[in-house]
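Work through the exercises below with the model open beside you. Try each task before you read its solution.

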Amino acid sequence: MPIADDPSISNDDNFQRALNLLEFDQIRLQLVAATRTAAGAEAAAELTPSADPRDIAVRQQETAEARRLLDTTGALELGPTEDLRPPIQRALLDGVLRGEELRNIGSLAAAARWNRSSLARREDLPLLASIAQNLPELQDLESAVNRAISSAGELLDDASPELARLRRESRSAYSSLNEVMQRFLRRYQRSGVAQENIVTERNGRMVLLIKNDFKGQAPGIVHDVSDSGATVFVEPMPAIELGNRWRETRLAEQREEERVLRHLSSLVGQYADEILLMLSLLGRLDLAAAKARFATTGRAVAPTFLSDAEPRRLELVGARHPLLPGDVVPTTITIGSGNPVLLITGPNAGGKTVALKTVGLLAMMAHAGLQVPADDATLPLLDGIYADIGDQQSIFESLSTFSSHIRTIQRIMEAATPRSLVLIDELGSATDPEEGSALAIALLSHLRDLGAMVVATTHHRNVARLAQEEEGMVNASVDLNPRTLEPTYRLTHGIPGRSYALTIASRLGLPDEVIAGAQSHLEPSHVQTDRLLQELQEERLTISELKSQAEQALNGAREREQEIAQQLEAVEDTKAELVEEARRELAEQIVDVANQIRRAERSLERTAVNTNGPTTREADLRAERERLAETQREVVSPDWAPIPLERPPWYHDLRAGDRVYVRGVSRPVEVVTAPNEQQEIEVIIGSMRARLPVYQLDRPADRIHPVAEQAGVVYRRPENKRTLSPEVNLHGYRVDEALSIIDTLLDDAALEGMSSLKIVHGKGTGALRRAIREHLTGHPLVAATEPGEGGMAAAVTVVRLR
């Protein structure tokens with residue numbers, strides 16, 4: 001498959017064959033399902049890998065920025081889901097659009113304006129912001145549609161002054177006509193002439209249902225007769241003139257409605273190019289968001305592409321095939337710069353083909369601008385990915401399995417370059433084993449000499465021996481568990497794999513004498529090699545189990561250490577609280593006793609003045625004062641000093657603007673003042689201020705690295721810089737989930753000092769909108785709520801914060 005940015009390449013047979021064999025079309029289908037618009041779905045369905053480094057870089061940046069946007073509770077407003085290109089083309093041909101179509105185009109213009117404004121404030125999303133800035137501004141078209149069309153797609157009375165007048169006249173005429181019809185209906189009911197107690201319409205005229213036998217008692221015009229003939233639909237004579245007036249006003253109203261719709265449709269035709277550009281750019285944003293959602297679901301990472309100056313290598317760490325269901329066993333696949341040929345051997349159903357397809361599909365995804373499901377991915381820039389996988393025999397073309405493989409390999413050899421990736425499954429199969437092995441050896445040697453990267457699978461031991469001995473080639477194996485014979489799906493580099501053919505045959509019930517006969521025909525070297533590989537695999541399995549046990553023990557020890565550290569910290573905090581509480585109580589008692597002594601002294605002074613001399617009570621009071629002074633000296637002596645407590649270094653570095661966690665509070669708070677002499681700080685919790693002792697602090701917020709935390713480094717919030725997106729998109733959330741997100745967002749916004757938030761909940765049935773607005777009403781952090789602007793009134797709620 002030649003990878004290129006030229007769409008015409010998509011008709012190349014090699015291109016289509018590789019896409020089909022590696023099932024890239026299934027990735028496209030998943031992307032299509034993740035899009036929200038017709039233009040985005042079309043772009044996803046046409047997504048193709050590229051070989052242009054700049055194109056790949058732009059696509060990858062779009063995906064990364066869209067993922068960052070979604071991860072920070074940001075949103076994209078993509079407009080209606082319907083395909084608007086047919087009505088736009090009809091407007092270009094002077095056609096008249098329906099109210100729903102005009103409403104959708106107005107919503108599209110509103111979405112473009114919203115994205116342009118929203119993304120312009122995101123300095124961390126330069127590429128998405130530049131795309132949004134290219135969205136055309138169609139404020140006059142949006143305003144014209146909003147003035148004339150309701151959210152349900154109906155023409156409003158204020159669409160034009162003439163329409164407002166005609167509708168008033170129509171309602172007045174209808175009211176007069178209905179009054180007359182109701183009067184006659186009551187009269188005919190009393191006389192038994194009316195068939196049913198309703199007023200209905202036939203051929204644009206208001207009529208009553210009259211029994212056919214009594215139609216002579218109901219003079220008027222007969223507009224219709226029921227199928228049974230028992231009922232006639234009569235317009236009473238006194239109602240004819242009023243009916244004419246009502247019909248005339250309705251026809252005039254319809255003509256004015258068509259004139260308004262035609263005028264708005266002509267505006268759409270005038271702006272057709274701008275609207276089509278808007279659709280294309282919003283589709284591009286939709287595709288970027290779909291790629292981000294796909295990456296998040298697959299726990300994918302952005303791949304690293306090597307420059308031409310770096311040694312060519314491919315490394316996929318913890319890679320997972322994105323189309324496998326359930327819990328996929330991750331594997332690591334490496335193709336080094338000095339060994340461009342990777343040969344995978346092992347038993348059937350062991351995962352050889354899955355590993356080969358994983359390499360090819362993840363390489364395609366990376367070149368298409370998608371993030372890849374792996375822990376880490378490093379790739380070179382490829383000019384082509386070529387694959388020969390599976391049985392491609394054709395009865396129609398008289399091609400056997402072997403002939404089909406040879407023809408495909410011939411095409412690959414003609415197209416491959418030193419910058420290509422070649423994938424060949426079951427190399428040398430479907431023919432004589434000896435000749436197949438020889439052909440496989442020659443083909444791998446040719447591709448190695450060419451310099452292309454190669455991943456191949458085979459069952460031929462001679463080919464594996466070549467890869468073990470030749471430079472530029474390396475063996476890898478997928479194995480079964482030697483004890484249970486269950487596949488491990490893990491790739492081991494450096495050693496060939498075993499086939500397990502005789503072992504599996506014996507376990508499946510083949511007679512022992514047949515198995516023994518087969519073993520007797522094996523070459524001694526083959527038996528010895530197989531025994532060595534088995535011993536090696538068992539040793540590796542034992543080492544792996546011991547390593548797993550050691551890791552579990554180490555993790556358990558670390559968890560226990562952490563629990564003990566937390567317990568010790570809790571003990572230290574309790575000790576600090578008890579010591580400080582005891583000191584505080586003792587100090588309060590001393591102050592209380594001192595106040596009592598001062599009051600007694602003043603009383604004694606007054607007594608001494610009256611008695612002109614000291615008293616025995618004054619002497620007693622002097623003795624009490626001496627004992628109190630002695631107690632004060634003891635309290636401040638070393639014997640009464642509290643147990644020294646070691647505070648973390650960051651306690652002493654706190655200053656205004658820092659963010660810290662308080663014990664028992666799940667969200668960080670902001671420090672207003674540094675600790676005072678009493679070791680107390682003032683913080684903002686929500687919209688309130690509180691003074692707390694420092695020992696109630698848990699840890700500083702927003703740590704960058706554990707080493708920094710150990711060193712006592714406190715995160716400083718940049719001044720006048722928001723770290724929270726002012727918009728949140730709650731499309732698709734249940735009410736309870738949405739309200740929980742809103743509560744968290746309001747707390748964060750209050751801490752950030754933001755003045756407003758924009759909540760995008762969509763229109764839908766209106767249940768989510770009503771629940772959100774009711775929840776916000778009376779909220780202590782909310783000053784007021786407002787609907788969104790223009791066409792976004794029902795889809796957006798603006799929150800003004802206190």
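The exercises cover a helix pair, a sheet with its covering helix, and two loop residues. The model is predicted.

**Exercise 1. Describe how helix α6 packs against helix α10.**

Solution.
- Start with a general point: two packed helices are described by the angle between their axes and the distance between the axes.
- Find the two helices. α6 spans residues 99–120, and α10 spans residues 240–270.
- Take the distance. The two axes come within 11 Å.
- Take the angle. The axes cross at roughly 40°. That makes α6 oblique to α10, because the angle falls neither under 35 degrees nor in the range 65 to 115.
- Add the hand. The crossing of α6 and α10 is left-handed.
- List the residues that meet. α6 brings Gly-99, Leu-102 and Ile-105. α10 brings Leu-261, Leu-264, Ser-265 and Val-268.
- Sort this contact by class. Five residues are nonpolar, two are polar and none is charged.

**Exercise 2. Map the open sheet that contains β5, β9, β6 and β7.**

Solution.
- Write down the order: β5-β9-β6-β7. The pairing in this four-stranded sheet is mixed.
- Locate the edges. They are β5 (304–306) and β7 (331–335). Each has a single partner strand, so one side of each is left without a neighbour in the sheet.
- Check the twist. Neighbouring strands are turned by 15° against each other on average, direction ignored.
- Look at one pair. β6 (residues 314–319) and β7 run antiparallel and are joined by four bridges. Within this pair, Glu-315 has Thr-334 in β7 as its bridge partner.

**Exercise 3. Which strands does helix α12 lie across, and at what angle does it run to β6?**

Solution.
- Find α12 at residues 352–367.
- Name the strands. α12 lies across β5, β6, β7 and β9 (376–380).
- Read the angle. α12 runs at about 105° to β6.

**Exercise 4. Asn-203 has a positive phi, and so does Arg-299. Place each residue and decide: buried or exposed?**

Solution.
- Take Asn-203. Its phi is near 55°, and the residue is not a glycine.
- Place Asn-203. It sits in the loop between β1 (194–202) and β2 (205–211).
- Judge Asn-203. Its relative accessible area is 59%, so it is exposed. The cut-off for exposed is over 50%.
- Take Arg-299. Its phi is near 50°, again positive in a residue other than glycine.
- Place Arg-299. The loop between α11 (272–297) and β5 holds it.
- Judge Arg-299. Its relative accessibility is 56%, so Arg-299 counts as exposed.

Definitions and conventions
Residues are numbered from 1 along each chain as its sequence is written. This is a predicted model: local features need pLDDT of at least 70, side-chain atom pairs count only at pLDDT 80 or more; totals for chains, interfaces and linings use all residues. Side-chain values use heavy atoms; hydrogens and water are left out. Axes are lines fitted to C-alpha atoms, for helices over the stretch in contact, and angles run from 0 to 180 degrees between N-to-C directions. Angles under 35 degrees count as roughly parallel, over 145 as roughly antiparallel, 65 to 115 as roughly perpendicular and the rest as oblique. A crossing is left-handed if the near helix is turned anticlockwise from the far one by less than a right angle, and right-handed if clockwise. Contact means heavy atoms within 4.5 Å. Ala, Val, Leu, Ile, Met, Phe, Trp, Tyr, Cys and Pro count as nonpolar, Asp, Glu, Lys and Arg as charged, and the others, Gly among them, as polar. Two strands pair if DSSP finds at least two bridges between them. Buried means under 20% relative accessible area, exposed over 50%, partly exposed in between (1.4 Å probe, protein chains only).
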